[in-house]
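Good morning, colleagues, and thank you for the time on the agenda. I would like to present one structure today, and I ask that you keep the sequence and the model in view as I speak.

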Amino acid sequence: KELLARTHAQLDEVRQERGSAGTQFDNAEAEDDSALQGLMTLRAECDALRAERDAMTEQLSHAETQHKAALTNLAVTHEERLRASEAVDAAAAALAGLRTELSDMRESTRQSLLVIEQQVQEERDA
């Protein structure tokens with residue numbers, strides 16, 4: 001009887017240990033499920049961040065394209081301004097030349113008029 005009682009006690013002890021091990025296994029499984037859920041959440045967040053990064057990269061590429069176009073337009077505008085400035089300088093030089101020519105013509109005409117007046121005066125006096 002004593003052997004049977006010890007065997008039952010040992011059996012109860014083994015059952016208790018097995019129950020404890022089962023509980024530990026269930027707890028470990030719950031922790032695994034929780035960790036897996038955390039990993040899935042992190043993966044979803046990573047995917048969202050990648051999508052946001054891709055969108056920002058696309059925006060940056062578009063902005064760089066616009067920047068290059070603006071620089072090209074600026075260079076063209078600068079070149080046009082230089083050509084316009086050169087044209088204005090050439091027109092100013094031509095105008096100065098015309099003014100000089102006009103002044104010379106006025107002086108020549110004045111001299112001619114003086115000569116004519118002198119001749120008319122000489123004819124009247126004669």
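I shall begin with the chain as a whole, then turn to the salt bridges, and close with the surface.

Please bear in mind throughout that this is a predicted model. What secondary structure does the protein chain have? The protein chain has one helix and zero strands. That helix, H1, covers residues 2-125, and the chain itself has 126 residues.

The overall dimensions come next. Along its principal axes, the C-alpha trace spans about 185 × 15 × 10 Å. The radius of gyration of the protein chain is 53 Å, whereas a compact globule of 126 residues would have a value near 14 Å. A pair of residues illustrates the point: Leu71 and Asn27 are separated by 44 residues in sequence, and their C-alpha atoms lie 64 Å apart in space.

How many of the residues, as a percentage, count as buried? The figure is 0% of the 126 residues. The protein chain exposes about 11,600 Å², and carbon and sulfur atoms supply 57% of that area.

Let me now turn to the charged side chains. A search of the whole structure returns five salt bridges, and I shall describe some of them in order along the chain.

One of the five joins Arg15 to Asp12, with 3.8 Å between the closest N and O atoms. Both residues belong to helix H1 and are three residues apart, which is about one turn of the helix. Arg15 is classed as partly exposed because its relative accessibility, 47%, falls between the limits of 20% and 50%. Asp12, at 46%, is also counted as partly exposed.

Further along, Asp54 forms a salt bridge with Arg53, and here the closest N and O atoms are 3.3 Å apart. The two side chains also make a polar contact, at 3.3 Å. Asp54 is found in helix H1. The relative accessibility of Asp54 is 43%, so Asp54 counts as partly exposed. Arg53 is partly exposed as well, with a relative accessible area of 48%.

Which residue does Glu107 meet in a salt bridge? The partner is Arg110, with an N to O distance of 2.8 Å. Glu107 and Arg110 both lie in helix H1, and again the spacing is three residues, about one turn of the helix. Glu107 has a relative accessible area of 35% and is therefore partly exposed. For Arg110 the value is 43%, which likewise makes Arg110 partly exposed.

I come finally to the nonpolar side chains at the surface. Leu36, Leu39, Met40 and Leu42 form a nonpolar patch there, and together they have about 410 Å² of accessible area. Is Leu39, a member of that patch, buried or exposed? Leu39 counts as exposed because its relative accessibility is 54%, and the limit for that class is over 50%. Leu39 sits in helix H1.

Leu71, which I mentioned earlier for its distance from Asn27, is also found in helix H1. At 45% relative accessibility, Leu71 counts as partly exposed.

To summarize, the predicted model shows a chain with one helix and zero strands, in which 0% of the residues count as buried. Five salt bridges are found in the whole structure, and a nonpolar patch formed by Leu36, Leu39, Met40 and Leu42 lies on the surface. Thank you for your attention.

Note on methods
Residues are numbered from 1 along each chain as its sequence is written. This is a predicted model: local features need pLDDT of at least 70, side-chain atom pairs count only at pLDDT 80 or more; totals for chains, interfaces and linings use all residues. Side-chain values use heavy atoms; hydrogens and water are left out. Patches are made of residues with over 30% relative accessible area and no salt bridge: like charges are joined within 9 Å, nonpolar side chains (Val, Leu, Ile, Met, Phe, Trp, Tyr) within 5 Å. Accessible areas come from the Shrake-Rupley method with a 1.4 Å probe; for residues, only the protein chains shown count as cover. A salt bridge is a side-chain nitrogen of Lys or Arg within 4 Å of a carboxyl oxygen of Asp or Glu. Helices (H or I, at least four residues) and strands (E, at least two) are DSSP runs, numbered from the N terminus. Buried means under 20% relative accessible area, exposed over 50%, partly exposed in between (1.4 Å probe, protein chains only). A polar contact is a pair of N or O atoms within 3.5 Å; within protein, one must be able to donate a hydrogen and the other to accept it, and residues adjacent in sequence count only if both atoms are side-chain atoms. The radius of gyration is taken over C-alpha atoms; the globule rule is 2.2 Å times the number of residues to the power 0.38.
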